[in-house]
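Hi,

Here is the structure I promised to pass on. Have a look at it first, and then read on for what I found in it.

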Amino acid sequence: MIEGLVQRRAGSAMFTPQTYGLALFLMTLSMLCWGTWANTQKITRQWPFELYYFDYTLGLLLCSLIFGLTLGQVDPTSPQSFFLNLRAASQRSLLLAFAGGAVFSVGNILIVAAISVAGMAVAFPIGAGLALVLGAILNYVVSPAGNPVLIFSGIALVCIAIALDALAYKGISQAGGNPGKGILLSVIGGIGAGLFYPLVAKSLAGPGHLQPYTVNVIFSLGAMASALPMIYLLMRRPITGSPLRWNDYVSGRWSAHAWGIAGGLIWGVGTIANFVASYVPMIGPATSFSMGEGNTMISALWGVFVWKEFRGASSRVRLYLALMFLCFLLGLTSIALSPVIK
């Protein structure tokens, strides 16, 4: 059975998809996980996001180790198995993967901050949508794969969706003050979240390159390394609320810690699914990342229909939201078809 799931290339033996259908499943799983993890923060909304993010990072690291030591070790004697690949990896590849995690964490923390200020239905379409646009373009430059017309047509539709979501948010924020903080945090976070994937893509190619499961662990270590000083800085100079101390973290309820770790685990599952899909030559990083960043639509659905973040919105705002979902759906469909339509 394992032989049906494992692609053997140049002596490698690890779980990688052999068909477009399986790769598409992994990209869809990535999109669902990346669009769902933030619900764990919404559930613990009384728990400061700075403290939540520390647990989230622990969950991300734990998830990477679990996958690295299982699916990354299907054949421990293969040069591409987790430990042997780690030992043979070039310093360049290790540094790129570590830097990718560090850059991601800075951007993602700001998106989490934007969620606490503006909600999921705003932070994700603007922040993650911008990350999709920036990341897809850079990934295509690093490793061109897929139909460029379909990829960039999808990106253009996503740009329109981002603008529509910003208009919708401004429409419901007029009575409550300046919506600029939520949008600004989302934009800056989106830039950081869009820059990380090209670094990961470069670490997966070239002499001494890493395999996806090894990349995932080094990436997670980089994410934790940059998260710790960022968390401390935001605790001392919070975006909202009063300054925090580490005692506040230690005295937190176990359920709050558990939800943070669960958020990291969910995002981690989506991440390894995305990294593995991007390793397939016919898919490539641009398509895999762009499909994963369809989380913007998933998270917006959660925010609008479950958390009711646009409750009482005017008919104009509801029209903006409907058009936003339509543009996201058309854009993601275009990107999904790019590997199979030449």
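A quick bit of vocabulary before we start: a residue is called buried when its relative accessible area is under 20%, exposed when that area is over 50%, and partly exposed in between. Tyr52 comes out at 0% relative accessibility, so Tyr52 counts as buried. Bear in mind that this is a predicted model.

Staying with Tyr52 for a moment, you'll find this residue in helix H4. What does Tyr52 touch, once residues up to four places away in sequence are not counted? The list is Trp37, Thr40, Gln41, Thr44, Trp47, Val112, Trp259, Gly260 and Gly263. Gln18 is another matter: 34 residues from Tyr52 in sequence, with 38 Å between the two C-alpha atoms.

Helix H4 covers residues 49-68, and Thr57 sits in it too. Thr57 has a relative accessible area of 4%, so this residue is buried as well. Leaving aside neighbours within four places in sequence, Thr57 is in contact with Ala223, Met224 and Ala227.

Now the aromatics. There are 20 aromatic pairs in the structure. One of them is Phe104 with Phe219, a tilted pair with 5.5 Å from centre to centre and 40 degrees between the planes. Phe104 belongs to helix H6 (residues 91-118) and Phe219 to helix H10 (residues 212-236), so this pair ties together parts that lie 115 residues apart in sequence. Are these two rings buried or exposed? Phe104 has 2% relative accessibility and therefore counts as buried, and Phe219, at 0%, is buried too.

Phe196 and Phe289 make another pair: the ring centres are 6.0 Å apart and the planes stand at 75 degrees, so this one is edge-to-face. Here the link runs between helix H9 (residues 180-203), which holds Phe196, and helix H13 (residues 284-292), which holds Phe289, so parts 93 residues apart in sequence are tied together. Both of these Phe residues are buried.

The four Phe residues above also belong to a wider cluster, in which ring pairs link Trp34, Phe104, Phe196, Tyr197, Phe219, Trp267, Phe275 and Phe289.

While you're looking at Phe289, check the rest of H13: this helix is mostly covered, with 9 of its 9 residues buried. Besides Phe289, its buried residues include Gly284, Pro285, Thr287 and Met291.

Next, the core. The largest nonpolar core has 98 residues. Which of them have the most contacts inside it? They are Trp37, Tyr53, Phe104, Ile109, Trp267, Phe310 and Met324. Helix H7 (residues 120-142) supplies the largest share of this core, with 12 residues. Phe104 and Trp267 will be familiar from the ring cluster.

Phe310 is a good one to click on if you want to see the packing. Not counting residues up to four places away in sequence, Phe310 touches Ala121, Val122, Ala168, Tyr169, Ile172, Val304, Val317 and Leu321.

Last, something on the outside. Met282, Leu337, Val340 and Ile341 make a nonpolar surface patch of about 300 Å². Ile341 lies in the segment after helix H15 (315-337). Its relative accessibility is 39%, so Ile341 counts as partly exposed.

Cheers

Methods
Residues numbered from 1 in each chain as written. Predicted model: local features only at pLDDT ≥ 70, side-chain atom pairs only at ≥ 80, totals over all residues. Heavy atoms only, no water. Patch = residues over 30% accessible without salt bridge, like charges linked within 9 Å, V, L, I, M, F, W, Y side chains within 5 Å. Areas by Shrake-Rupley, 256 points an atom, 1.4 Å probe, with all protein chains shown as cover. Salt bridge = Lys/Arg side-chain N within 4 Å of Asp/Glu carboxyl O. Helix = DSSP H or I, 4+ residues; strand = E, 2+ residues; numbered from the N terminus. Buried < 20%, exposed > 50% of the residue type's maximum accessible area, 1.4 Å probe, protein only. Phe/Tyr/Trp six-rings, centres within 6.5 Å; stacked < 30°, edge-to-face > 60°. Core = buried A, V, L, I, M, F, W, Y, C linked by side-chain atoms within 4.5 Å. Contact = heavy atoms within 4.5 Å.
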